[in-house]
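This report introduces a single protein chain to a reader who has not met it before. Please examine the sequence and the structure shown below before reading on.

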Amino acid sequence: MINFPVISDPRGNLTFIESITHIPFEIERVFWIYDVPGGETRGGHAYRTNEEIIIALSGSFDVVVSKNGKTVKHTLNRSYSGLYMPPLTWRHLENFSTNALALVISSNTFSEDDYIRERKSIADITLKTIEENYTDLKNKNHHLAEFNSKKTSISNCQLTNLGVKHSQKGNITVLENLKNIPFKIKRVYYLYDIPGGENRGGHAHKKLRQFIVAAMGSFDVIIDDGKSKKTIQLNRSFNCLEIVPGIWRELVNFSSGSICLVMASELYDEEDYFRNYRDYIKYKNHD
């Protein structure tokens with residue numbers, strides 16, 4: 001079990017997770033499991049090389065882990081605690097509470113070849129890197145759009161339907177680096193325990209790009225480029241808003257029990273923030 005940092009605030013708590021700093025791998029994939037019927041069971045597999053962090057963002061569930069002939073049950077019920085799962089570890093998730101929300105952070109993009117779906121097969125596998133024959137996004141050159149944060153406008157911010165993998169056992173929405181998210185995720189953070197009607201945000205970034213998701217509940221995002229403003233409501237777990245550098249944002253009108261999940265392109269850097277709106281406007285208007 002790993003306890004992650006918590007920034008406490010009367011407007012809601014914030015927990016953040018950075019690649020390598022807080023977890024022992026670089027983030028390649030993030031997915032969340034939701035709309036799981038109470039008491040349901042999911043999983044029943046292991047991975048050859050993939051590492052994972054599993055977190056209960058809301059509610060609770062048990063992760064039953066089997067390795068080297070031993071079985072251990074871990075109850076996840078704290079938003080700031082995650083269970084690290086190394087490769088070659090059989091697991092399944094059970095006893096989901098009503099309205100449970102599971103966040104999974106992975107070291108690999110999806111590959112069916114990396115799955116072990118029969119427990120007896122684990123003993124025949126040694127831990128080594130397998131060749132990803134469908135893709136290897138880490139080692140390919142990808143064109144990433146460069147944004148001049150002084151010139152960006154709210155028209156550069158896109159609302160995207162990420163899609164849903166439906167199942168009677170619950171739904172899953174997935175983000176993978178350079179596949180359906182146009183940058184490498186270096187940091188994941190989330191706001192929770194937010195009082196209904198509360199507001200957050202009120203800043204901009206010089207370099208940082210973000211994908212913002214209402215993983216649970218709803219809230220509005222006000223985006224502002226210094227000349228125009230727009231309000232976008234997020235209220236679906238499969239919709240995300242990309243906010244590019246140089247855009248002032250405020251998060252308002254949180255519903256009770258809502259959770260704001262954010263995937264970020266950079267590690268935390270206070271120098272990257274504009275926290276004063278006057279300074280932000282001065283920056284945007286300076287050639």
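## Burial and the cysteines

A residue is called buried when its relative accessible area is under 20%, exposed when that area is over 50%, and partly exposed in between. The model described here is a predicted one. By this cut-off C240 is buried, because its relative accessible area is 0%. C157 has a relative accessible area of 9%, and therefore it is buried as well.

How many disulfides does the structure hold? The structure holds zero disulfides. C157 takes part in none, and the nearest cysteine sulfur to it, which belongs to C240, lies 12 Å away. C240 is likewise in no disulfide; for C240 the nearest cysteine sulfur is that of C260, at 12 Å.

## Overall form

The secondary structure of the protein consists of one helix and 23 strands. Its radius of gyration is 20 Å, close to the 19 Å that the globule rule gives for 287 residues, so the protein is as compact as a globular protein of that length. Taken along the principal axes, the box filled by the C-alpha atoms is roughly 65 × 45 × 30 Å.

Of the 287 residues in the protein, 51% are buried. The protein exposes about 13,800 Å², and 46% of this area is supplied by carbon and sulfur atoms. Among contacts with a separation of 6 or more, 80% are made by residues 24 or more positions apart.

## Salt bridges

A count over the structure gives 10 salt bridges. One of them joins the side chains of R11 and D9, with a distance of 3.0 Å from N to O. R11 is partly exposed, because its relative accessibility of 32% falls between the two limits. D9, at 22% relative accessibility, also counts as partly exposed.

Another salt bridge is formed by E266 and K186, whose closest N and O atoms are 3.9 Å apart. Where in the chain do E266 and K186 lie? E266 is in the loop between β22 (259-264) and β23 (273-274), while K186 is in the loop between β14 (171-176) and β15 (187-192). The pair thus links distant parts of the chain, 80 residues apart. E266 is partly exposed, with a relative accessible area of 26%, and K186 is partly exposed at 36% relative accessibility.

R275 and E270 meet through their side chains in a further salt bridge, with 2.8 Å from N to O. Both partners count as partly exposed: R275 has a relative accessibility of 48%, and E270 has one of 35%. Elsewhere, R29, E176 and K179 are joined into one network by salt bridges that share partners.

## A strand residue: Q233

Q233 is placed in strand β19, which covers residues 229-234. Is Q233 buried or partly exposed? With a relative accessible area of 48%, Q233 is partly exposed, because this value does not pass the 50% limit for an exposed residue.

The side chain of Q233 makes a polar contact of 3.0 Å with the side chain of N235. When neighbours within four places in sequence are left aside, Q233 is in contact with F219 and D220. Q233 can also be placed relative to D9, a partner in one of the salt bridges described above: the two residues are 224 residues apart along the chain, and their C-alpha atoms are separated by 23 Å.

## A loop residue: V244

V244 is located in the loop between β20 (239-243) and β21 (248-252). V244 counts as buried, because its relative accessibility is 0%.

Which residues are in contact with V244, leaving aside its neighbours within four places in sequence? They are F147, T152, N156, C157, L208 and R249. One of these, C157, is the buried cysteine discussed earlier, with a relative accessible area of 9%. V244 and S255 are 11 residues apart in sequence, and 25 Å lies between their C-alpha atoms.

Technical notes
Residues numbered from 1 in each chain as written. Predicted model: local features only at pLDDT ≥ 70, side-chain atom pairs only at ≥ 80, totals over all residues. Heavy atoms only, no water. Salt bridge = Lys/Arg side-chain N within 4 Å of Asp/Glu carboxyl O. Buried < 20%, exposed > 50% of the residue type's maximum accessible area, 1.4 Å probe, protein only. Helix = DSSP H or I, 4+ residues; strand = E, 2+ residues; numbered from the N terminus. Contact = heavy atoms within 4.5 Å. Polar contact = N/O pair within 3.5 Å; in protein donor to acceptor, adjacent residues only side chain to side chain. Rg over C-alpha atoms; globule rule 2.2 N^0.38 Å. Areas by Shrake-Rupley, 256 points an atom, 1.4 Å probe, with all protein chains shown as cover. Disulfide = S-S within 2.5 Å.
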